[in-house]
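Hi,

Here is the structure I promised to pass on to you. Have a look at it first, and then read on for what turned up.

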Amino acid sequence: MDVERYGPWALVVGGSEGVGAAFARKLAASGFKLVLVARKPGPLEEVAQDLRGKGAEVRTLSVDMGKADAIDRVRTVTDDVEVGLLVYNAGANAMRGNFVELDPAVYRTVIGVNVIGQSEFARHYGGLMRQRERGGIILTGSLSGYIGSASLAAYCGAKAFSRVFSEALWAECEQFGVDVLHLNLGLTATPAMERLGYDLSAASTPDQVAQEGLDNVANGPVWIAGGQANIDRAQASASAQPRAAAVRAVAAPPRK
Ligand SMILES: NC(=O)c1ccc[n+]([C@@H]2O[C@H](COP(=O)([O-])OP(=O)(O)OC[C@H]3O[C@@H](n4cnc5c(N)ncnc54)[C@H](OP(=O)(O)O)[C@@H]3O)[C@@H](O)[C@H]2O)c1
């Protein structure tokens, strides 16, 4: 990853574990300075200490991206440095349920982290990159953004927003020399998925996915990680007809 083009600092939102931590390790190895953000301070500090031990300069901040003040809080640790790469990775969905029965706090968090958060961070850091006429923005998506799945309405909708938003942003930012990539993930063996009890025997690894993201930052607007099987799944989900049968077929039961 070219630190001259995308550095000197990278901001990884959701950089304490899984794909975000893999991005952080790879970027540090390429000479980037890092700002890592997540909610739990312990895992954040663990990653930061490891990278500092290898010579990297690393800042951390515990912030909840679902809160309205997230961008202002993160700016307190980035306003004095040049963020040339934004990796917005946070965004998984821990709680399933019928939308009309959900605690509003659940869908507000999903929409806050994925829709509001991605927009606010892309606007702020993208605006600065546009002035410098260089930089990169990676926004993480999901195959769930290609078809509505019962019990995941807000998550599917938010990831569809992220993909279409990224496409438009990519088209706009091309003229400014800023690369935009929607990094679309299939099942990936992250600690979050482990905690939810998924069978991850056939999943991609965080390392593979982060490497695909870095290798393809200039190949936007959308990169589907995990190979041809995931590309086929995305295409099938997006184009399946009749829609009613396709949507019923992907319905997942609510998680207890
Ligand atoms: N893993 C998969 O199979 C899979 C599949 C499709 C798409 N994706 C997408 O890939 C991305 C990473 O997913 P993941 O499985 O690693 O789980 P995740 O729960 O999004 O966690 C990733 C990182 O984000 C942080 N994070 C989560 N919620 C946050 C919040 N509200 N505010 C600040 N930081 C937050 C986590 O640390 P804290 O918990 O300490 O905050 C962690 O560092 C997400 O956007 C997800 O939608 C994942």
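In this predicted model, helix α2 gives the largest share of the shell around the ligand, with three residues. Helix α2 covers residues 18-29, and β5 (135-142) and α7 (191-195) join it as elements that each supply at least two residues of that shell.

The ligand has 28 residues around it, and those that come nearest are G14, R39, G91, A92 and A192. If you are thinking about the chemistry of the shell, its residues divide into 12 nonpolar, 12 polar and four charged.

Now to the sheet. Seven strands make it up, with parallel pairing, and the sheet is open, running in the order β3-β2-β1-β4-β5-β6-β7. At its edges stand β3 (58-62) and β7 (222-224); each has a single partner strand, so one side of each is left without a neighbour in the sheet. From one strand to the next, the twist averages 15°.

Strand β5, which also contributes to the ligand shell, pairs with β4 (residues 83-88) in the parallel sense over four bridges. If you want a spot to look at there, V87 has I138 of β5 as its bridge partner.

Finally, helix α3 (residues 41-53) packs on this sheet, where it touches β2 (33-38) and the edge strand β3. The direction of α3 makes about 180° with that of β3.

Happy to talk it through whenever suits you.

Best wishes

Terms used
Residues are numbered from 1 along each chain as its sequence is written. This is a predicted model: local features need pLDDT of at least 70, side-chain atom pairs count only at pLDDT 80 or more; totals for chains, interfaces and linings use all residues. A residue is near a molecule or strand if its C-beta atom, placed from the backbone, lies within 6 Å of it. Ala, Val, Leu, Ile, Met, Phe, Trp, Tyr, Cys and Pro count as nonpolar, Asp, Glu, Lys and Arg as charged, and the others, Gly among them, as polar. Two strands pair if DSSP finds at least two bridges between them. Axes are lines fitted to C-alpha atoms, for helices over the stretch in contact, and angles run from 0 to 180 degrees between N-to-C directions. Two residues are in contact if their C-beta atoms, placed from the backbone, lie within 7 Å.
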